[in-house]
Amino acid sequence: MELQQLPKDKVIMQHNMITSGRYDFTACQLDILFLLLASLEKDDDKEKKYNLYAKDIESITGREWHYNQLQQATEDMGSRMFTIETERSLKQIWLFSGFEYMKGKGYFTASVSPEARPYLFELKNNFTIFQLKSVLSCSSKYAKRLYTLACQWRAVGKITIEIAKLKEMLYLKDPKNKVPEQFTEVNAFRKNVLEISKQQINTHTDITFDYELHKKGRSFHSITIYVNYNRVNTKEVDIQTSLTYQKAVSTVEAYGISKAYAELIAQKYMPEFEALIEQIKKQKNKSQIEDPAAYIVAVFQKKKYLPKK
């Protein structure tokens, strides 16, 4: 089955405020969001409507999507808001202003709300990079969210966060305690959220995910999430080749670089690659980082690290 619009190796850039924001989307609604993010172009005008194909999700994941399922998901998305909190304010926004299903065409259109546009287009250096195929391949909504959060933190390899704060991000806990908390027992939280997410992320994505719970006094208080790159299918690992090298190849590929270029960079230029990634994160000129893969390849070709095709 051919994809209608999107390549399977499509890399998504998502604003960190969305990555770590507080919202409650179902797995289907998250997939609609990710399809939209994968369809965005930097020069899109404010009136553009985005065509989203159910067949794209089916092609990538192998799961069948029905239009009545999608219609129910988009109908409910209208009442689901994002809560974005900064030091200066707490903002509530809705990402979509409307959907339209085209009969007999195999796709539906999505319109972006004006309030959401800054969080979709004005990324600057405040974004998370992750793979469309990886996030769509996870079926649990918690696995999808934890995968994107892990990708935000993968540059440092691990992050420690209060369990209560993480549960707020996942919409399992109301910071104002007006709605009952879900999975109050740590074993329930571990079983229904963390372990399912760990299994799906480690099976279907380009990273490895692990965690450790920490106590404060007699109660569990915080969680450390560990993130390392790895191949999606560990059976493909060549035991004749250095694991360090293979992880380096996967690291480079995660940024959308072709396998051939990734292998060359991993073999000879990893320090230069890591330095360039740090430079991109600090980059103030948005136009240079809209397509990180193309930018990295262009820089390395200019320095004659990579051949031009």
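## Two loop residues with positive phi

Tyr 171 counts as partly exposed, at 28% relative accessibility. The model is a predicted one. Tyr 171 sits in the loop between helix 8 (163-169) and helix 9 (186-204). Its phi is near 65°. That is a positive value in a residue other than glycine.

Phe 183 is placed in the loop between helix 8 and helix 9. Phe 183 is not a glycine, yet it has a positive phi of about 55°. Its relative accessibility is 23%, so Phe 183 counts as partly exposed.

## The chain overall

The chain has 309 residues, and 48% of them count as buried. It contains 13 helices and 10 strands. Consider the contacts in the chain with a separation of 6 or more. Of these, 62% join residues 24 or more positions apart.

## Helix 4 and its two sides

Helix 4 covers residues 67-77. Which of its residues are buried? They are Leu 70, Ala 73, Thr 74 and Met 77. Viewed down the axis of helix 4, these buried residues fall within an arc of 95°, so they line one face of the helix. A general rule of helix geometry applies here. An α-helix has 3.6 residues a turn, so residues three or four places apart point the same way.

What does the buried side pack against? The buried residues of helix 4 meet two helices, helix 2 (27-39) and helix 3 (54-61). They also pack against two strands, strand 5 (96-102) and strand 6 (107-112). The face turned away from the buried side carries Asn 68, Gln 72 and Glu 75. These three residues are exposed.

## Aromatic pairs

How many aromatic pairs does a search of the whole structure find? The search finds 13. One of the pairs is Phe 25 with Phe 82. The ring centres of Phe 25 and Phe 82 are 5.4 Å apart, and their planes stand at 80°. Planes over 60 degrees apart count as edge-to-face, so the pair of Phe 25 and Phe 82 is edge-to-face. Phe 25 lies in the loop between helix 1 (16-19) and helix 2, while Phe 82 lies in strand 3 (residues 82-85). The pair therefore ties together parts that are 57 residues apart in sequence. Both partners are buried: Phe 25 has a relative accessible area of 4%, and Phe 82 has a relative accessibility of 0%.

Phe 96 and Phe 99 make another aromatic pair. Their centres are 4.9 Å apart, with 40° between the planes. This pair is tilted. Are its members buried or partly exposed? Phe 96 counts as buried, at 12% relative accessibility. Phe 99 is partly exposed, with a relative accessible area of 24%. The cut-off for buried is under 20% relative accessible area, so Phe 96 qualifies at 12%, whereas Phe 99 at 24% is partly exposed. Phe 96 and Phe 99 also belong to one aromatic cluster with Tyr 101 and Phe 108.

## Thr 83 in strand 3

Thr 83 is found in strand 3. Its relative accessibility is 12%, so Thr 83 counts as buried. Which residues does Thr 83 contact, leaving aside its neighbours within four places in sequence? Gly 21 and Arg 22 are in contact with Thr 83. So are Leu 90, Lys 91 and Gln 92.

## The cavity

The structure holds 1 cavity of 30 Å³ or more. About 50 Å³ of space lies in the largest cavity. Which residues line the largest cavity? The lining includes Tyr 23, Asp 24 and Phe 25. Lys 141, Tyr 142, Arg 145 and Leu 170 are also part of it. By class, the lining has 4 nonpolar and 3 charged residues, and no polar ones. Phe 25 thus appears in two settings: it lines the cavity and forms an aromatic pair with Phe 82.

## Lys 282 and Asn 126

Lys 282 is in the loop between helix 12 (270-281) and helix 13 (292-302). At 62% relative accessibility, Lys 282 counts as exposed. How far apart are Lys 282 and Asn 126 in sequence and in space? They are 156 residues apart in sequence. In space, they are 8.8 Å apart, C-alpha to C-alpha.

Methods:
Residues numbered from 1 in each chain as written. Predicted model: local features only at pLDDT ≥ 70, side-chain atom pairs only at ≥ 80, totals over all residues. Heavy atoms only, no water. 1 Å grid on protein atoms, 1.4 Å probe; cavity = no way out; pocket = protein on both sides within 12 Å on 5 of 7 lines; lining within 4 Å. Points joined across faces, edges and corners; volume = space filled by probe spheres on them. Nonpolar A, V, L, I, M, F, W, Y, C, P; charged D, E, K, R; others polar. Buried < 20%, exposed > 50% of the residue type's maximum accessible area, 1.4 Å probe, protein only. Helix = DSSP H or I, 4+ residues; strand = E, 2+ residues; numbered from the N terminus. Arc of directions from axis to C-beta. Contact = heavy atoms within 4.5 Å. Phe/Tyr/Trp six-rings, centres within 6.5 Å; stacked < 30°, edge-to-face > 60°.
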